[in-house]
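Colleague: Please take one part of this model, the nonpolar interior, and go through it closely. I would also like to see how it sits among the domains and the contact between the chains.

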Amino acid sequence: MSNHAAITVNRSREEVERLWNAEVNGTVTFADAPGDRGTEIHVELNRSGNPVSKLLSTKALAKVKDELRRFKQRVETGEIPRSDATPEGERVERKFKQRPAQPLAEGELEKAGLS
Amino acid sequence: MKATVWSGRNTVQVENVPDPKILNDRDAIVRITSTAICGSDLHLYDGYVPTMKKGDILGHEFMGEVVEVGRGVDNLQVGDRVVVPFPIACGNCWACRHELYSLCENSNPNAGLAEKMFGHPTAGIFGYSHLTGGYAGGQAEFARVPYADVGPLKLDDDLSDEQVLFLSDIFPTGFMGADFCEITGGEVIAVFGAGPVGQFAIASAVMLGAERVIAIDQYDYRLQMARNRAGATDVINFAEDADVVEQLKALTGGRGPDAVIDAVGMEAAHGHGALHAVDRVKQATRMQSERGHALRDAILACRPGGIVSIIGVYGGLMDKFPTGALMNKGLTVKAGQCHVQHYIKPLYERIRNGDIDPSFVVTHRLELGKAPDAYETFKHKLDECVKVVLKP
């Protein structure tokens, strides 16, 4: 099991470091991506070797990946993409609890904080 | 609104669902005037694409009128007539900056799911499973279009819906398949599958200067369309003679086609031998997702040093892939979901110039409410069906 999550954001390192505001449980480092490919963000998760924390950290890693994707989406596109199946945007909790791909009713919009 | 929803294998229904709303600043809402059923919708209908959910609205080929725009959309106005590309693309990420729109790094909010299947996520697609985001599709009265400042093409002429609708997918998809073949003039191109995408791959190969284009299918009416409308110079009906590889070699003086285009994908009907039987059993029992006979033959037929262009849709894993032929013959493979936003404007110009009238593929026109019948007609190739257009 990897302890590591990474994403590349199509912006300069200066800009990425300045805008970085995601809350992740781990050690964060930034690096210039080779060529004209923006900035790499690396997160090394803090975790111990016992089986229970290993199980928990699988979810922790998925959450870190969510945060990295959402940061990239906000910085690159200015918004978090929302589909009908995942109206809050990417969330590990939604992975196996997807809505059907059809528009939300009024009450559901409110619940998702979108009305 | 009324929408076509998937409700299990081989079942679609037209149901009343909530109207879509703007959820983000870069969204627009489109009132749909024409929408089509794609061959790849049949892979969903047949239940071969994972991550479908009951209630999913289908459809990724649609056009209509803009009825609402978010604050971040400054290139469209209410009342504009638009065609909407099937891949949802942000326009900002590295892939979009390199015009690889179907590989948009941001538009799929189920990236974690897609990563498990493909190693990396690919772009969001309207109405095309949760693996591509879980977006409601366009076989409906309205659709929400994310990143509407990047995708939709504004139309400013009096071309009919049927002449421009296929800019959403199948014309650019067929064109990309031909574009992959690096045609400079004088080539022989073989196109596996004379369905709607195959027809446009054939027509595009002709437009790009191929000297001979060979269409391969099992239905004479489709091969006739390929010859009479798309411009194929030769046709092979594999229902009459299943040895397509030998027939292609015979037609090319033993060389094989310079490039082969797979416009079939994961449910090849082709092949009558033992291998096809094994494929059918494995696919039916979900031990493999692809029936790959067309692609295998394409690779075996392609001339040494040639190009294999894959635009037919695959979803997972294939057995008995001819790696030896691919490697030893030094073939180049090019593949992908179409980068529609890259091709849409030049192809719109070709329609306006009269180089092509894409409406030639339309055989059936039905009201949206008849979508269940339309899926059955298209799936079983009844009534010489090639392409169905639905009118909401």
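Modeller: The domain bounds I use come from an automatic or database domain assignment. The model is predicted, so the values below are computed from it. On that assignment chain A has two domains, domain 1 covering 4-79 and domain 2 covering 82-115. Their C-alpha centres are 24 Å apart. Contact between them involves six residues of domain 1 of chain A and four residues of domain 2 of chain A. On the domain 1 side, five of the touching residues are charged, one is nonpolar and none is polar.

Chain B sets the frame for the interior. Its secondary structure consists of 13 helices and 18 strands. With a radius of gyration of 20 Å, close to the 21 Å that the globule rule gives for 392 residues, chain B is as compact as a globular protein of that length. Along the principal axes its C-alpha atoms fill a box of roughly 60 × 50 × 45 Å. Of its 392 residues, 57% are buried. Among contacts in chain B between residues at least 6 apart in sequence, 72% link residues that are at least 24 apart.

Now the interior itself. In soluble globular proteins, nonpolar side chains tend to be buried together. The largest nonpolar core here has 128 residues, and the members that touch the most others are V191(B), I202(B) and I261(B). The greatest contribution to this core is from helix α6 of chain B, residues 196-207, which supplies seven residues. Both domains of chain B take part, since at least three residues of the core come from each of domain 1 (2-168 + 339-391) and domain 2 (171-335). Take I202(B) as an example: leaving aside neighbours within four places in sequence, it is in contact with V191(B), V213(B), A215(B), A226(B), A230(B), G231(B) and A232(B). Apart from the largest core lies another, of twelve residues, including V24(A), A60(A), L61(A) and F71(A).

That leaves the contact between the chains, to which chain B gives 38 residues and chain A gives 32. On the chain B side, the elements giving two or more residues are β1 (2-6), β4 (56-57), α2 (94-97) and α3 (111-118). Of these, α3(B) gives the most, with three residues. By class, this side of chain B has 16 nonpolar, 13 polar and nine charged residues.

How values were computed:
Residues numbered from 1 in each chain as written. Chains lettered and ligands numbered in written order. Predicted model: local features only at pLDDT ≥ 70, side-chain atom pairs only at ≥ 80, totals over all residues. Contact = placed C-beta atoms within 7 Å. Nonpolar A, V, L, I, M, F, W, Y, C, P; charged D, E, K, R; others polar. Helix = DSSP H or I, 4+ residues; strand = E, 2+ residues; numbered from the N terminus. Core = buried A, V, L, I, M, F, W, Y, C linked by C-beta atoms within 7 Å. Buried ≥ 20, exposed ≤ 12 C-beta atoms within 10 Å, placed from the backbone. Rg over C-alpha atoms; globule rule 2.2 N^0.38 Å.
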